[in-house]
Protein chains: 2
Amino acid sequence: MHVFFNGKITEIENAVLSPFDRGFLFGDGVYEVIRYYPKKFFLLEDHLARLRNSLKELEIPAPDLSSIEQILNELIRVNNLTDKLSIAYLQISRGYQFPRRHAFIEEASPTFFIYVENFPAKIDEMKNGVKVGLDEDIRWTRCDIKSTSLIPNILSNKKAVRNNLAEIIWHRNGIITEGTHSNIFFVKDNTIITPPLNNFILAGITRKAILAICKQTGMESCERPVNIDEMKTFDEIFITSTLGEITPVMEINGSIANTGKPGAVTIKLQNEFQKLYADFVAP
Amino acid sequence: MHVFFNGKITEIENAVLSPFDRGFLFGDGVYEVIRYYPKKFFLLEDHLARLRNSLKELEIPAPDLSSIEQILNELIRVNNLTDKLSIAYLQISRGYQFPRRHAFIEEASPTFFIYVENFPAKIDEMKNGVKVGLDEDIRWTRCDIKSTSLIPNILSNKKAVRNNLAEIIWHRNGIITEGTHSNIFFVKDNTIITPPLNNFILAGITRKAILAICKQTGMESCERPVNIDEMKTFDEIFITSTLGEITPVMEINGSIANTGKPGAVTIKLQNEFQKLYADFVAP
């Protein structure tokens, strides 16, 4: 497998880190996961804008990203994924610093790592929906930064897996935030509702695309706080993510969501969303 | 420099990690910092007990720790630190997992890394005290686990450094928790007060030693929630940590603490604490 590591494409065996990399010592880094629909990386500019913002918030010097699309495409090519639905994982840590001290030096030399992987769509989940759980949000208060300090996400995600759930949806004091790796949407009387952007949720790229679709197609949408007590009042619920796109929620915390099958608004949004990348999917 | 890496003592150059180590991808690991007072590691059993607890909470398989004291002493010896005040840093990450997925595999092979470093006492701070700030606690709600997902600590610590403060003391909704790398104590009418152990603070090893000293010497102590509004009512304030031991606080959030110099109770505790390791400091 070939990866990108600190300026060049190389065999994964050549990508080696010091234990003094702050990504290892402190979870001091940021990341993105980007979808490759043959033959193009999808919403790349949005992902890069969010990556730059995460770097800025953590004061990690941004590496040169001007040729990132060529690098990503080259990684796809050398790994023989040109015609396969894939993902790119990008991580930038603050890099090596010795000795270990909490306070970071200003003149950091970040570590930049990218790998690509064939990642088929979860067609069954997207078509037939998933079960999700509800749990208290245990994370820090800057969830708008896509950092690699991900222990809370890991613990909640493991809980989901153990309970045969596709996702855990978090709430803070009863107010819904998001899932461990997804945003959440609700539908009531044909209005599409999602929690507003603030420091408690990540500005999802798929979330943004859906709100744009609503504007373009004239579907009603509304960003507002949602209380866990409202769950049973919604006509439809779905979660969104780069890999899951729009995934209907059939059950939340043990209660049936929707009518037991994906709702009309969810399906319409799925179709509109698929049009966004249909153009560049190879025939 | 020689370090311990995955079962053996080796040159630091031989300690190399894959980017697929979950310590790098997810901040998925735990750590300890242990004081070496020539010629012995101090309160080693307490540190190892906390390390085991952190591993258990994150379900990271515990490595064999039965010969850890020999390994630590050997590291001190080969790095020529036998007669120097030093520290050992121990980190255990969940190890390599490919491909990258949030959910961890059960049969992990943890990465175990230890390095030692000459680390002189901050004598001036311990003698003359420090200034600290107050800030909202931005961390997750399982601060009892000493995990390497440390981005919140890094951001607050950097804020301290930029404001010429030795530490930031956090509070949640006005209730004091702890510092970015210390616990906090207050003295009122000769009673020594510190916030109680719960999921919002780390069970400090120095904190534990101080409460034991209080019991043994008959000094009054009390674990209770402390409100930020109480700051001006205390006679003395000090912070505790493995490296800072007992450090008097002279100013908190811009207000004078104590009488402008370290208080009598703080100094008495410092003396009692130093007795704990005086025995094995080489003459």
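Select Asp137(B) to start: at 4% relative accessibility, this residue counts as buried, because the cut-off for buried is under 20%. Keep in mind as you go that you are looking at a predicted model. Asp137(B) sits in the loop between strand S7 (130-136) and helix H5 (151-162) of chain B. Show its side chain and two polar contacts come into view: one of 2.9 Å to the side chain of Arg139(B), and one of 2.8 Å to the side chain of Thr177(B). Now add the residues that Asp137(B) touches beyond four places in sequence: Trp170(B), His171(B), Arg172(B), Thr177(B) and Phe200(B).

**Over to chain A: a pocket**

Next, move to chain A and select Asp137(A), Thr141(A), Arg172(A), Asn173(A) and Phe200(A). Of the 23 residues that line the second largest pocket, these lie nearest its centre. The pocket has a volume of about 550 Å³. Which strand gives the largest share of its lining? Colour strand S9 (residues 175-179) of chain A and you have it, with 3 residues contributed. By character, the lining divides into 8 nonpolar, 7 polar and 8 charged residues.

Stay with Asn173(A) for a moment. You will find Asn173(A) in the loop between strand S8 (167-172) and S9 of chain A. Is Asn173(A) buried or exposed? At 75% relative accessibility, Asn173(A) counts as exposed. Check its backbone too: phi is near 50°, a positive value in a residue other than glycine.

For another positive phi, hop to Asn80(B), where the angle is about 60° although the residue is not a glycine. Asn80(B) belongs to the loop between helix H3 (68-78) and strand S5 (86-93) of chain B. Asn80(B) is exposed, with a relative accessible area of 63%.

**A buried glutamate**

Return to chain A and pick Glu32(A), which lies in strand S3 (residues 29-37). Its relative accessible area is 0%, so Glu32(A) is buried. Which side chains does it hold on to? The side chain of Glu32(A) makes a polar contact of 2.8 Å with that of His47(A), and another of 2.8 Å with that of Arg50(A). Widen the selection to everything Glu32(A) is in contact with, leaving aside neighbours within four places in sequence, and you also pick up Leu51(A), Ala88(A), Tyr89(A), Leu90(A) and Lys146(A).

**Two cis peptide bonds**

Follow chain A to Pro38(A) and Lys39(A), which are joined by a cis peptide bond with omega of about 10°. Lys39(A) lies in the loop between S3 and strand S4 (40-41) of chain A. Then jump to Phe98(A) and Pro99(A): the peptide bond from one to the other is cis as well, with omega near -5°. Pro99(A) is in the loop between strand S5 (86-93) and strand S6 (111-118) of chain A.

**Looking for enclosed space**

How many cavities of 30 Å³ or more does the structure hold? There are 2. Rolling a probe the size of a water molecule over the atoms shows where empty space is left.

Go to chain B for the largest cavity, which has a volume of about 60 Å³. Select its lining: Arg35(B), Tyr37(B), Phe42(B), Leu43(B), His47(B), Ile205(B), Thr206(B), Ser241(B), Thr242(B), Glu245(B) and Phe273(B). Strand S3 (29-37) and helix H6 (205-217) of chain B each supply at least two of these residues. The lining divides into 5 nonpolar, 4 polar and 2 charged residues.

Pause on Phe42(B), found in the loop between strand S4 (40-41) and helix H2 (44-58) of chain B. Phe42(B) counts as buried, at 6% relative accessibility. Try a distance from its C-alpha to that of Thr242(B): the two residues are 200 apart in sequence and 9.2 Å apart in space.

The second largest cavity, with about 50 Å³ of space, is in chain A. Residues that line this cavity include Arg35(A), Phe42(A), His47(A), Thr242(A) and Phe273(A). S3 and helix H6 (205-217) of chain A each supply at least two residues of its lining, which divides into 5 nonpolar, 3 polar and 2 charged.

**Zoom out: the two copies**

Finally, show both chains whole. Chain A can be laid on chain B with an RMSD of 0.0 Å, by a turn of 180° and a shift of 0.0 Å along the axis. The two copies are thus related as by a two-fold rotation axis. Select the interface to finish: 100% of the interface residues of chain A are also interface residues in chain B, so the copies meet through the same surface.

Definitions and conventions
Residues are numbered from 1 along each chain as its sequence is written. Chains are lettered from A and ligands numbered from 1 in the order in which they are written. This is a predicted model: local features need pLDDT of at least 70, side-chain atom pairs count only at pLDDT 80 or more; totals for chains, interfaces and linings use all residues. Side-chain values use heavy atoms; hydrogens and water are left out. Copies are superposed by least squares on the C-alpha atoms of residues with pLDDT of at least 70 in both. Contact means heavy atoms within 4.5 Å. Helices (H or I, at least four residues) and strands (E, at least two) are DSSP runs, numbered from the N terminus. Buried means under 20% relative accessible area, exposed over 50%, partly exposed in between (1.4 Å probe, protein chains only). A polar contact is a pair of N or O atoms within 3.5 Å; within protein, one must be able to donate a hydrogen and the other to accept it, and residues adjacent in sequence count only if both atoms are side-chain atoms. On a 1 Å grid over the protein atoms alone, a cavity is a set of points where a 1.4 Å probe fits but cannot get out, and a pocket is an open set with protein on both sides within 12 Å along at least five of seven lines; lining residues have an atom within 4 Å of a point. Grid points are joined across faces, edges and corners, and a volume is the space filled by probe spheres set on the points. Ala, Val, Leu, Ile, Met, Phe, Trp, Tyr, Cys and Pro count as nonpolar, Asp, Glu, Lys and Arg as charged, and the others, Gly among them, as polar.
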